[in-house]
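Here are my comments on the model you sent, set out as numbered points. Please read them with the structure open beside the text.

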Amino acid sequence: MAEEVKSPAPPPPPEGEKKPAAEKPAPAASAAPAKPAAPAKPAAPAKPAGPVPVPWTSPLVEKYRSQYGSGLEAQTYLGQNYFTVDRSLIPDILRLLRDEEQFDYCVDITAAHYPKREKQFDVVWILYSFPRNERVRVKTQIADGASIPSSVSIWPTANWLEREVYDMFGIQFDGHPDLKRILLPDGWKGYPLRKDYGILQQDKEWVQINLGIESGQ
Amino acid sequence: MPNFIMSYLGSTVTPGEAGNQFWALIYVLIIFAGVSVAVICMNWIERKALAHFQVRLGPMRVGPHGLLQPIADALKLMLKEDIIPSEADQFVFWVAPLIGLLAAFTVYTVIPFGPSQAVSDMNIGILFMLGVSSLGVLGIVVAGWASNSHYPLIGALRSSAQMVSYEVAMGLAVVSAILMTSLNASGTGTLSMIGIVQAQQQQGVWFIFKFFPLGLIAFVIFAIAMVAETNRAPFDMAEAESELTAGYHTEYSGLRWSLFMLAEYAAMIAVSSIAVTLWLGGWMRPFPNLLNAPAWDFIFSLFPGLTFLGLAAIAFVGTARMPADSFFKIQRIGLAVFAALLGFIALLLLAIAVAGRFADASVGARFRDGIDYIYWFVLKVAVFMYLFIWYRATWPRYRFDQLMKIGWKVMLPISLGVLVVTAIVGVIVS
Amino acid sequence: MNDVSNRALSNLDLETPDKTYLDSNELVINMGPQHPATHGVLRVILKLDGEKVLGTECVIGYLHRGVEKIAENRTYTMFNPYVDRMDYVAAVSNGLGYCEAVEKLMNVEAPPRAKYIRVILTELNRIASHQLWLGTHALDIGAMTPLFYTFRDREEILKIFERYCGARLTTHAFRIGGCQYETYAGFEKDVKNFLAFFPPKIDEYEALLTTNRIWLERTKNVGVISGADCIALGVTGPVLRASGVQWDLRKAQPYAAYSEFDFEIPIGTNGDTYDRYLVRMAEMRQSLRIIEQAVNGIPEGPIMGKVPKVIKPPVGEIYHSIEAPKGELGYFIVSDGSTQPYRLRVRPPSFVNLQALDIMVRGLLVADVVAVIGTLDIVLGEVDR
Amino acid sequence: MNPVMNSALNSGMAPVATPFFFYMLAGLAVIGGVLVITRRNAVHSALALIVTLLAVAGLYLMLYAPFVAGVQIIVYAGGIMVLFLFVIMLVNIERSSKERRFNRMWPVGLAAACALLALFVSAFAKGKALFPDRMMTLPESSNTQQIATMLYGEAGRMGQYTFAFEIASLLLLVAILGAVIMTKKKI
């Protein structure tokens with residue numbers, strides 16, 4: 001019961017993360033619109049590839065690139081900018097973004113699981129700057145079991161958001177004041193948003209002990 | 001035998017004064033039944049009135065316009081399982097509602113529904129009333145403690161602090177009214193409930209209008225304090241359902257819970273009676289000294305009958321307006337019977353009024369007057385009851401500290417000031 | 001800023017020393033998950049000194065349904081109705097955010113008429129959500145009557161929803177690429193009737209509350225939070241605006257057709273419960289303004305954009321957020337080019353706003369906790385997802 | 001014949017002041033007092049104390065002192081006992097009920113009780129000499145006014161106890177202020 005129901009169509013580990021690096025200089029101009037989602041609709045069914053990320057150029061990026069070099073990539077996809085940074089740069093980049101670039105509002109922290117990749121997890125910070133009215137995402141990849149510095153000291157709002165990421169993916173945040181499960185009960189085993197966790201799977205032991213029923217399904 | 005009954009009915013003294021214990025017992029039973037019925041009526045009226053304040057219908061299913069709803073509720077509560085939490089203090093849990101009920105009902109022994117329509121005219125009447133009604137808080141405190149649960153405990157703490165605090169302002173307001181009773185030739189006042197009303201009669205003015213606006217201020221303070229004393233909105237901190245689920249009676253259910261409700265409503269009627277007695281002339285009809293011709297007596301004695309006639313008319317109109325569907329047949333018949341009953345009572349009262357006018361027997365006239373007194377008293381109390389409902393529909397709830405602030409920092413100084421000024425004015429006038 | 005983080009971080013010591021809490025003045029009580037004023041199944045552990053709140057801890061997740069996991073196992077179209085079940089009092093807003101996010105990911109755009117319909121319904125929904133908030137909030141503070149008034153008037157909005165799409169609460173009104181349904185005959189008349197019907201009703205609510213002494217005492221200077229604290233804690237929506245930050249995604253980063261309408265962003269000054277009340281009341285009036293402009297200027301044309309039968313966005317990821325009645329509602333979608341989202345993350349405003357509860361209620365009384373929970377306007381379906 | 005007047009005449013002036021009522025109230029007071037000191041649970045003790053206080057109030061009534069009885073109910077049963085309960089509810093009943101009830105002071109207490117008993121016995125024995133038999137006159141209705149006269153005096157004349165009363169009031173006022181100052185950190 002536990003394992004047999006996997007997602008009906010197991011999604012292939014996307015290479016979307018690798019692809020941009022390869023195709024970076026290629027047909028950028030044609031597809032990527034500058035600011036809003038362009039009215040030009042792709043004749044969708046025919047073309048498999050939609051718009052692709054293009055390099056993001058701005059003074060901000062130049063500054064950071066000169067500072068950190070290869071550990072940092074800046075791209076734009078559909079008008080949304082994001083950094084892909086090395087895990088080791090994370091605390092510095094986040095703090096700089098808040099202190100110097102006025103990204104004072106941490107909208108969200110989340111993650112995505114790519115089980116076939118060596119570094120299984122993408123951790124994503126979505127930031128917003130009130131003075132600049134601008135969003136930016138910061139992405140990093142970490143391996144299963146690796147931890148990542150907590151950003152609670154940068155944005156207090158990260159407290160619950162990181163707890164949720166921990167709850168759902170099992171990613172450890174170093175320096176988090178109270179890293180424990182938030183949505184699931186404390187004794188629960190398993191991290192439901194990982195791809196190897198089936199949609200009908202549950203912690204049967206917990207359910208039987210705490211709810212006194214055979215199965216929660 | 002009729003002579004015997006008539007001698008009671010037409011008596012000029014209370015049974016307590018006469019020292020007739022059997023007669024007193026009858027009065028006690030009548031009052032107990034009357035208050036219980038009043039509470040049931042109040043329950044229905046509150047639900048209906050509140051519903052209409054809030055653009056809904058209220059009970060409509062049990063009986064025509066939900067008239068039998070209180071009875072159905074009472075039955076349900078009596079038949080419910082009596083749950084005592086296992087961790088509760090069994091004995092105290094059991095005894096707590098009785099304390100509240102006892103305190104609420106004992107008060108009625110001195111409430112004067114008329115110059116002789118009271119169980120007893122204690123010479124410390126008002127003191128006794130305040131004292132016994134203050135015992136009611138014991139029931140609440142003890143109930144909250146015995147439940148051995150947090151919300152009831154907080155409710156009990158709030159309630160005890162609140163009631164003790166508001167008793168102070170209440171007592172001072174009462175004293176300023178009692179001071180006014182001493183403004184007569186002999187210079188001696190009275191604590192007797194009947195005496196207080198008679199003092200108003202002698203001075204020819206309700207104390208609410210005495211030394212305007214002093215009497216009015218004292219009355220307003222009392223009117224506010226009595227809402228707090230009875231734990232009603234907007235001072236219903238002790239049972240604030242959004243904060244403490246149900247406050248001190250969270251763990252209570254069934255009959256025990258209904259005893260709390262009974263005590264609460266009985267206490268509401270009791271404090272309203274105090275207010276009516278002290279400031280609104282008690283049983284007196286309007287302008288008893290100005291319009292004192294026998295013809296006026298007769299006209300005013302028609303009021304009880306006319307009131308019931310009006311109620312009967314409302315019920316009849318309600319019957320006529322019921323949908324003609326056969327589904328409503330029983331309800332229609334029920335309402336018609338109810339209307340007829342009201343009409344019958346109305347006719348009876350009118351007959352008594354007419355008989356009292358034309359029968360020369362003094363006993364008959366006194367009997368008529370007795371009904372008159374009770375009618376006016378109940379009418380005045382009913383106004384307060386309606387105000388209680390109105391408050392509840394209109395106002396949000398005070399926070400506990402704000403409540404205490406008002407009690408100690410606003411009401412207490414004002415009532416103290418009113419007391420002092422009343423005393424000074426009284427000395428100057430006399 | 002540091003001050004905020006310290007306060008938000010300071011851990012609660014909720015241990016009861018030696019079970020003799022009655023001895024000391026500290027009392028730990030559980031508010032919820034079954035409690036009349038926690039708006040669902042929120043459980044707040046309160047540490048009290050008498051009635052003063054020393055600290056709180058929220059225990060959430062009682063309504064967790066794994067919406068994000070479900071999304072990974074459903075196609076984009078199939079997942080659409082699920083979003084209605086998050087913030088079920090503002091289902092239309094949820095649907096709008098989701099549809100727009102997927103549209104953005106597919107790089108298509110809804111036609112103008114669909115956008116106008118979306119705006120009308122979303123703003124009606126905002127009013128309905130605020131009405132529900134007002135009723136329950138007032139009930140928490142002890143005023144029973146506004147609840148019934150707001151439910152009476154909310155019915156008019158739900159009737160419009162029902163006529164439009166058949167459902168009243170979980171409407172599923174929009175589809176990826178536009179709207180499924182053309183407006184019904186008389187839609188505009190219904191909306192215009194509502195526009196005439198509702199302003200006096202707002203006045204009625206305000207007559208009951210705005211200048212009510214008790215209401216003022218219960219809400220003024222209660223649950224104060226500064227704009228800087230709001231930003232640090234990620235609090236958005238009316239709570240942020242009541243703290244004096246004039247920020248509304250409808251203006252800051254316009255979506256749907258909001259850039260075409262003239263409206264104001266009401267803000268408060270003190271960031272207390274009363275200001276949040278005023279801001280939401282003003283927002284209802286502004287919503288009426290938007291609806292009026294939209295219904296008068298609604299263009300003719302198709303209601304569905306050119307989207308394929310099978311929704312299959314290209315590989316990539318997108319974050320799109322809208323101004324839901326509670327705050328910023330965001331969708332972060334990662335697509336692997338298949339018909340199902342590879343990862344779908346919902347950024348729920350209620351969840352993030354609830355985090356501010358602790359610093360808002362410290363030092364207040366139990367009664368204020370109830371008021372503050374009410375004023376945060378959380379929906380547990382969205383907090384727990 | 002009017003039965004009302006009849007019964008009033010038959011029962012005389014003091015229908016309730018019978019030995020039965022006296023012994024009932026006195027017994028209640030004693031039982032309550034014993035329960036107060038023997039109950040382990042402080043709330044039970046407090047309830048027993050309330051019973052005692054109410055019984056004593058009844059005895060005051062029998063002594064034609066209704067004002068004192070009323071004050072007893074208001075102040076002691078209604079006010080002070082509520083505050084007692086208020087405090088008791090905040091202490092830990094479970095732990096205090098496990099503690100030893102009688103500490104080392106019990107011989108002193110016993111001695112005091114014995115002395116009191118001896119006093120009562122001697123008073124009872126010499127009662128005839130100390131209190132002349134049946135000298136007490138019943139006031140016609142109430143002694144409230146007499147109390148007032150003693151405390152406040154009559155027109156222009158100071159009462160017997162006016163000075164003592166005012167001193168006591170002042171003392172209480174000082175006590176109130178002291179309590180407020182001690183509990184309030186900032187005024």
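1. I begin with chain C, where three strands make an open sheet in the order β6-β7-β8, with antiparallel pairing. Strands β6 (316-324) and β8 (341-347) of chain C stand at the edges of this sheet, and because each has a single partner strand, one side of each is left without a neighbour in the sheet. On average, and with direction ignored, neighbouring strands here are turned by 15° against each other. Please keep in mind throughout that this is a predicted model.

2. Within that sheet, β6(C) and strand β7 (residues 327-335) of chain C are joined by 9 bridges in the antiparallel sense. For anyone wishing to locate the register, C:G316 has C:S335 in β7(C) as its bridge partner. Lying across β6 and β7 of chain C is helix α4 (residues 91-106) of chain C, which runs at about 150° to β6(C).

3. Turning to chain C as a whole, the chain has 16 helices and 8 strands, and its C-alpha atoms fill a box of roughly 70 × 50 × 35 Å along the principal axes. How does the radius of gyration of chain C stand against that of a compact globule? For 385 residues such a globule would have a value near 21 Å, and chain C, with 21 Å, agrees with this. Of the 385 residues in chain C, 62% are buried. When contacts in chain C are restricted to residues at least 6 apart in sequence, 70% of them join residues at least 24 apart.

4. The contact between chains C and B deserves a careful look, since the composition of one side can be described in some detail. Chain C brings 27 residues to this contact and chain B brings 23 residues. On the side of chain C that touches chain B, at least two residues each come from β1 (26-31), α5 (112-141), α6 (145-165), α8 (213-219) and α15 (366-376) of chain C. That side of chain C divides into 17 nonpolar, 4 polar and 6 charged residues.

5. Which residues have the most contacts inside the largest nonpolar core? This core has 320 residues, and those with the most contacts inside it are A:L127, B:V142, B:A225, B:A266 and C:V369. Helix α7 (residues 150-181) of chain B gives the most to the core, with 17 residues. As for B:A266, if its neighbours within four places in sequence are left aside, this residue is in contact with B:V35, B:V39, B:A104 and B:F105.

6. A second alanine of chain B, B:A275, has its place in helix α11 (residues 254-279) of chain B. Is B:A275 buried or exposed? B:A275 counts as buried because there are 22 C-beta neighbours inside 10 Å, against a cut-off of 20 or more. Apart from neighbours within four places in sequence, the residues in contact with B:A275 are B:F222, B:A223, B:M226, B:L280 and B:F384. The C-alpha atoms of B:A275 and B:V381 are separated by 8.5 Å, although these two residues are 106 residues apart along the chain.

7. In chain A, I would draw attention to strand β5 (residues 121-129), of which 8 of the 9 residues are buried, so that this strand is largely enclosed by the rest of the structure. Strand β4 (residues 105-113) of chain A pairs with β5(A) in the antiparallel sense over 8 bridges, and A:F121 in β5(A) is the bridge partner of A:H113. β5(A) also pairs with β6(A), again in the antiparallel sense, over 9 bridges, and here A:L127 has A:V136 in β6(A) as its bridge partner. The hairpin formed by β5(A) and β6(A) has 4 residues between the strands, and A:N133 in the turn has a positive phi of about 50°.

8. Lastly, strands β2 (residues 72-77) and β3 (residues 80-85) of chain A pair in the antiparallel sense over 6 bridges, with A:V85 in β3(A) as the bridge partner of A:L72. Their hairpin has 2 residues between the strands, and A:L78 there takes a positive phi near 55°. By contrast in direction, β3(A) and strand β6 (residues 134-142) of chain A pair in the parallel sense over 4 bridges, and A:V85 stands opposite A:T140 in β6(A).

Key. Residues numbered from 1 in each chain as written. Chains lettered and ligands numbered in written order. Predicted model: local features only at pLDDT ≥ 70, side-chain atom pairs only at ≥ 80, totals over all residues. Contact = placed C-beta atoms within 7 Å. Nonpolar A, V, L, I, M, F, W, Y, C, P; charged D, E, K, R; others polar. Core = buried A, V, L, I, M, F, W, Y, C linked by C-beta atoms within 7 Å. Buried ≥ 20, exposed ≤ 12 C-beta atoms within 10 Å, placed from the backbone. Rg over C-alpha atoms; globule rule 2.2 N^0.38 Å. Pairing = 2+ DSSP bridges. Axes fitted to C-alpha atoms, helices over the stretch in contact; angles between N-to-C directions.
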